[in-house]
Amino acid sequence: LRLGRLRWLAGKWWTLMFESGGESQYTSKWDPAADLAKYVPNAQLSRSQFDVGFYRNILFYIGLQWVRFDASRQNWSPINLPQWFPKSNTNKFSVACDGMKAVLEQARPSIIYSPGSSDEADIAAVSACESISSVIDTEVDQERLRSECAALITLTGNAFVTDGYDMSGMNGEKSVQSLTCLECKTTAQPHEMEGQCPKCGGRQLMPAVDEQGSPLNEKYPIGRMDSEVDAPFGILFDMQALHIDNSPFIIKAKTYPIDELKAMFPDYAAGMGDGKPGGKTGLFYQQALSYAVGTMGLSGSPSAGGGSQGGRGTLYRLMRKPCKELPYGGEALVIDETVVWKGEASTKDDKGTPFYPITHFGFKKVPGRVFYKT
């Protein structure tokens, strides 16, 4: 996990702000909704067999072991047994899984940092890695991530961690004073000046003030590093790619209350309605888990829709690798069939090469497939 964080910390990270600022001549012609309609069926080829097994293990773990898979409805349901039928009360499956999970949580691999080249900047960066890594661990709550990953890897063999940078106003703002060129009186922020006036090239700069002598400031969000653990149900990719980084696309699907989506994208709220059913993404398993209680049996009977149910909508984050059509990669947010944001890849390394901000952790590698074995 630390190496993954350092990978994007060292690169040029700019945040997905749901704006059109990332568009270019390539992405302006790109239709993410058409890609989504093409890639989702591709990613679901024989995918349900994995989702069914993952879901069964989690049901067993919480004590729902008397279940049967209904092929017609594509979900698990309780076995109809008479009330007098004796059922086991000791969940040995859960006990075994807890032991495996504890072993994974206690593992602390030794990490040795080394420069990527003989460049002085790379060598100097090595000495800062330890302190930077500990700061990242604290900010992203590394122990929580480790616990969630251990649980998913034990039960499903797979866990996905998405890294990002949250620039919302909830994390506070910072004021930065502008600079004024003494020669042409141009006023701009320090990062726009870059040591000289962008208009006349003058280097005589001083802090900018208004007519009353007060500093001229601009506010910027402070932001914070953010990492999120995802179960395999909501991550779609090319199943024949052998490794997730080799997949030409990755789709991260997640459901939200429809009112929250309307607040996030007010310009598209009118077309959202009360939520529309989406494609089969395995998300209905993830939704059902929120209400599955071992002592009370399965709660509800979710259908295999994977889209919007009960006033919720599905937000798809589509990420494309660089190709002839998109030489700098592509990234888009799609609600049902409505594209609410699109632009170039938001995650690039220090050389400007796009990469996926998702790391796949697994237990036992199976030759020829992406998913690991539990």
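Helices are runs of at least four residues assigned by DSSP and numbered from the N terminus. In this predicted model, that numbering makes residues 142-156 helix α6, a handy place to begin a look at the charged pairs.

Within helix α6, R144 and E148 form a salt bridge, their closest N and O atoms lying 3.3 Å apart. The two positions are 4 residues apart, which means that about one helical turn separates R144 from E148. Both partners are partly exposed: R144 has a relative accessible area of 33%, and E148 comes in at 31%.

A second pair links two strands. E331 and R317 meet through their side chains in a salt bridge, with an N to O distance of 2.7 Å. Because E331 belongs to strand β14 (residues 330-335) and R317 to strand β13 (residues 312-320), this contact ties together parts that are 14 residues apart in sequence. E331 and R317 are both buried.

Another salt bridge brings the side chains of K348 and E344 together, at 3.2 Å from N to O. K348 has a relative accessibility of 8% and therefore counts as buried, since the cut-off for that class is under 20%.

Not every charged residue is limited to a single partner. D35, K38, R320 and E325 are joined into one network by salt bridges that share partners. Taking the whole structure together, the search finds 14 salt bridges, among them the pairs R144 with E148, E331 with R317, and K348 with E344.

Technical notes
Residues are numbered from 1 along each chain as its sequence is written. This is a predicted model: local features need pLDDT of at least 70, side-chain atom pairs count only at pLDDT 80 or more; totals for chains, interfaces and linings use all residues. Side-chain values use heavy atoms; hydrogens and water are left out. A salt bridge is a side-chain nitrogen of Lys or Arg within 4 Å of a carboxyl oxygen of Asp or Glu. Buried means under 20% relative accessible area, exposed over 50%, partly exposed in between (1.4 Å probe, protein chains only).
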